[in-house]
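Got the model open on your screen? Let's walk through it together, one question at a time.

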Amino acid sequence: MSALALRGVACLRGGRLLFEGLDLALAPGEAALVTGPNGAGKSSLIRIAAGLLAPAAGSVTGEGARALMAEVPALDPELSLGAALRFWSGIDGRRMAVGEALAAVNLADLAPVPVRMLSTGQRRRAALARVVASAAPVWLLDEPANGLDTGSVALLEGLIARHRAAGGIALVATHLPIALPQARMVAL
Ligand SMILES: Nc1ncnc2c1ncn2[C@@H]1O[C@H](COP(=O)(O)OP(=O)(O)OP(=O)(O)O)[C@@H](O)[C@H]1O
């Protein structure tokens, strides 16, 4: 089961109120697209939903594990891509999921290559593989399309669609166009 609900959420950063009174309820299969100009608070909202940043007001509740794809992928640059992903999936008890996740983002061939040698778009897809491997029902994606070419954006859209079709939830912050059919729009 998956669910994510934000009620009356306000965000204060560095003494500035970025937004307030934000309500959003996502049920299984639903998605929301968070948009807004630079500095509007998109990343902050994703961090609030992840439980990494406390809202100044309101609450975040939900059901199911949440997987965060942050702007900087937390993958050890010195490890091979496969080993770096297995570190995290091992913590989730899902080491076996790495091969399938790498194939899902078209990076299977690069599993032996050190993370530091990956290109910008490959790093982004590697971060996505970490989310896929987690099998968490709630995906929190911060600028997932940054650095992706057209084909990789289509791949990202397909993975989100597959995740939703399986009952997952996606909260996506982006300043680039991403096709998320019937997504709620959250304009900051
Ligand atoms: N740790 C912090 N302390 C104080 N202010 C911060 C902190 N982190 C971010 N901010 C400020 O909060 C505001 C919102 O930042 P955030 O990264 O959430 O915006 P964003 O909408 O994701 O922007 P962008 O489109 O540029 O990525 C910015 O003005 C930023 O300077």
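Q: By class, how many nonpolar, polar and charged residues are in the shell around the ligand?
A: This is a predicted model, and the residues around the ligand include Arg13, Lys42, Leu18 and Ala40. Glycines such as Gly14, Gly36, Gly39 and Gly41 are also around the ligand, and Gly counts as polar here. Sorted by class, the shell has two nonpolar, eight polar and two charged residues.

Q: Which helix gives the largest share of the shell around the ligand?
A: Look at Lys42, Ser43 and Ser44, which are among the residues around the ligand. The largest share of the shell is three residues, and they come from residues 42-50, that is, helix 1.

Q: What pLDDT does the protein average?
A: The complex as a whole gets an ipTM of 0.95 and a pTM of 0.95 from the predictor. Going residue by residue, 100% score at least 70, and the average pLDDT is 95.

Q: Are helix 4 and helix 5 roughly parallel or roughly antiparallel to each other?
A: Helix 4 covers residues 120-134 and helix 5 covers residues 150-165, and their axes are 11 Å apart. The packing angle is about 10 degrees, and angles under 35 degrees count as roughly parallel. The two helices are therefore roughly parallel.

Q: Which residues in helix 5 meet helix 4?
A: On the helix 4 side, the contact is made by Gly121, Arg125, Leu128 and Val132. By class, this contact has four nonpolar, two polar and one charged residues. The partners in helix 5 are Ser152, Leu156 and Leu159.

Q: Which strands stand at the edges of the sheet with the order 5-6-7-3-8?
A: This open sheet has five strands with parallel pairing. An edge strand has a single partner strand, so one side of it is left without a neighbour in the sheet; that applies to strand 5 (66-69) and strand 8 (184-187).

Q: Which residue in strand 8 stands opposite Val34?
A: Strand 3 (residues 31-35) runs parallel to strand 7 (residues 169-173), with four bridges joining them, and Val34 has Ala173 as its bridge partner in strand 7. Strand 3 also pairs with strand 8 in the parallel sense, over four bridges. In strand 8, the residue opposite Val34 is Val186.

Q: At about how many degrees does helix 5 run to strand 7?
A: Both helices from the pair above lie on strands. Helix 4 lies across strand 5 and strand 6 (138-142), running at about 175 degrees to strand 5. Helix 5 lies across strand 3, strand 6 and strand 7, and its angle to strand 7 is about 145 degrees.

Q: Which strands stand at the edges of the sheet with the order 2-1-4?
A: Three strands form this open sheet, and the pairing is antiparallel. Two of them have a single partner strand each, so one side of each is left without a neighbour in the sheet; these are strand 2 (16-26) and strand 4 (57-63).

Q: What angle does the direction of helix 1 make with that of strand 1?
A: Strand 1 (residues 3-13) pairs with strand 2 in the antiparallel sense over seven bridges, and Val9 stands opposite Leu22 in strand 2. Helix 1 packs on this sheet and touches strand 1, strand 2 and strand 4. Its direction relative to strand 1 comes out at about 130 degrees.

Definitions and conventions. Residues numbered from 1 in each chain as written. Predicted model: local features only at pLDDT ≥ 70, side-chain atom pairs only at ≥ 80, totals over all residues. pLDDT = per-residue confidence, 0-100. Near = placed C-beta within 6 Å. Axes fitted to C-alpha atoms, helices over the stretch in contact; angles between N-to-C directions. Parallel < 35°, antiparallel > 145°, perpendicular 65-115°, else oblique. Contact = placed C-beta atoms within 7 Å. Pairing = 2+ DSSP bridges.
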